[in-house]
Amino acid sequence: MTVMNTIVLGNQTQKFATKEIQAAKSAFLFHDEKDRVRLLTVMPINEAIAVLNSCPLALVRNLLDSLAEEGDTVRSRHLATGLGLISSEAEPDGNYLANSVIAHVRQRIGWIVGLALLGIVSGMIISHYEDTIAQLVLLAIYLPVVAAAGGNTGSQAATLVVRALAMNEIRPHQWLTVMWKEIRIAVVIAIALAIVVMLRVLLFSDASVLPSGIDLDDVALAIGLALVIQVTLSTTLGALLPLIARKMRLDPAVLVSPVLASIVDISGMAIYFVTINAWLGLM
C-alpha cells in the first residue's frame, strides 16, 4: 500500500526512475526509525517525497510525526503536502476535530493576546491626530476604507504565497522575486482602488464642510494617495510574511493573518494621517 500514486505528485516523482526510487527506498528502510527521521531532515524534498511515496502509509505517518516531534514541523508539513496527506501546509497538526480545544487555544492564544496589546498603538495614533479629524470630519469616513483595502489585499497576497509554498512553487530565498512581483501587482490594484474611492469622494461628499483654502479635489487626491501607499505596502508585506514565517520555522496559518491584520491596522492609520496632513497642510 502506498501513500499516494504518482498522479498526485505530478512531475516531482517523474524526476526519479523507478529503479532509483526502489534502490533509495531499500537503503532508506535499512536504517532504524531514528536514522530514517534524521535522513528526512537532510534529503532533498523531491527525493524524500519519492521515497516515502513507495513506503507503507502507517510507516510514513509515524516518520512524519516523529519528524514533527523532533522540532522540524515545517519540513514534516512540506512532506505531508507533497504526499497528498494534507491539502495545504497551513493545516494544523493532527486532525482538526480530533485535536482538543486546549490544543487549539495553546497554538493560537499567544499571538492573539500579544497582538491585541499591540492594538493599543492604533488608539494612540487616533488620539494624536484628533485635531486633524476635528478640522476635517470627512477624513473619519474614509479611514476604515483605506484600512480595509490594505487588509484585503494583504490577506489575498498572503493566501496565494502560502499556497505557492505548499505546492513547492517558491522558496523563502526567492523573497526578492516575490516582493518585486507583488509590488507591481499592488500598484495596479492600488491605482484602480484609488480611482474608485476618489470618485466616491468627489461625487458623494460635496456637501461636506471643508476648512478654508482646501478643496474637495485636494481631499480626494490625499485620500487616494494614502490608499495607494497603504495597499502597496500591505500587499507586499502580506506576500513576505509567509516566507518569513517559513524561514523562522513558524506556522504561517497561525502567524500570518493576525500579524498582518495588526500591522496593517497600525500602519494604515499612520500612513493615512501622515499623508493627508502632508498633502493638505493641516498641521
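In the predicted model, helix H6, spanning residues 57–69, packs against helix H7, spanning residues 73–82, with axes that come within 7 Å and cross at roughly 155°. Because angles over 145 degrees count as roughly antiparallel, H6 is described as roughly antiparallel to H7. The crossing in which H6 passes H7 is left-handed. On the H6 side, the contact is made by Leu64, Leu67 and Ala68, while H7 contributes Thr73, Arg75, Ser76, Leu79 and Ala80. Sorted by class, the contact of H6 with H7 comprises 5 nonpolar, 2 polar and 1 charged residues.

Helix H6 also meets helix H4, which covers residues 33–42; the axes of H4 and H6 come within 10 Å and cross at roughly 70°. Since angles of 65 to 115 degrees count as roughly perpendicular, H4 is assigned as roughly perpendicular to H6. Glu33, Arg36, Val37, Leu40 and Thr41 form the H4 side of this contact, and Leu59, Asn62, Leu63, Ser66 and Leu67 form the H6 side. The residues of the contact of H4 with H6 divide into 5 nonpolar, 3 polar and 2 charged. Leu67 of H6 thus appears in the contact with H4 and also in the contact with H7.

The second largest pocket holds about 320 Å³ of space. Its lining includes Thr41, Ile45, Asp72, Val74, Arg75 and His78, together with Arg171, Pro172, His173, Arg246, Lys247 and Arg249. H7 and helix H13, which runs over 216–247, each supply at least two residues of this lining. The largest share, 3 residues, comes from H7. By class, the lining of the second largest pocket has 3 nonpolar, 3 polar and 6 charged residues. Two of the lining residues named above recur in the helix contacts: Arg75 belongs to the H7 side of the contact with H6, and Thr41 to the H4 side of the contact with H6.

Helix H13 is further paired with helix H11, which extends over residues 138–166; the axes of H11 and H13 come within 7 Å and cross at roughly 25°. As angles under 35 degrees count as roughly parallel, H11 is classed as roughly parallel to H13. H11 passes H13 in a right-handed crossing. The residues of the contact of H11 with H13 comprise 19 nonpolar, 7 polar and 1 charged.

Conventions. Residues are numbered from 1 along each chain as its sequence is written. This is a predicted model: local features need pLDDT of at least 70, side-chain atom pairs count only at pLDDT 80 or more; totals for chains, interfaces and linings use all residues. Side-chain values use heavy atoms; hydrogens and water are left out. Axes are lines fitted to C-alpha atoms, for helices over the stretch in contact, and angles run from 0 to 180 degrees between N-to-C directions. Helices (H or I, at least four residues) and strands (E, at least two) are DSSP runs, numbered from the N terminus. A crossing is left-handed if the near helix is turned anticlockwise from the far one by less than a right angle, and right-handed if clockwise. Contact means heavy atoms within 4.5 Å. Ala, Val, Leu, Ile, Met, Phe, Trp, Tyr, Cys and Pro count as nonpolar, Asp, Glu, Lys and Arg as charged, and the others, Gly among them, as polar. On a 1 Å grid over the protein atoms alone, a cavity is a set of points where a 1.4 Å probe fits but cannot get out, and a pocket is an open set with protein on both sides within 12 Å along at least five of seven lines; lining residues have an atom within 4 Å of a point. Grid points are joined across faces, edges and corners, and a volume is the space filled by probe spheres set on the points.
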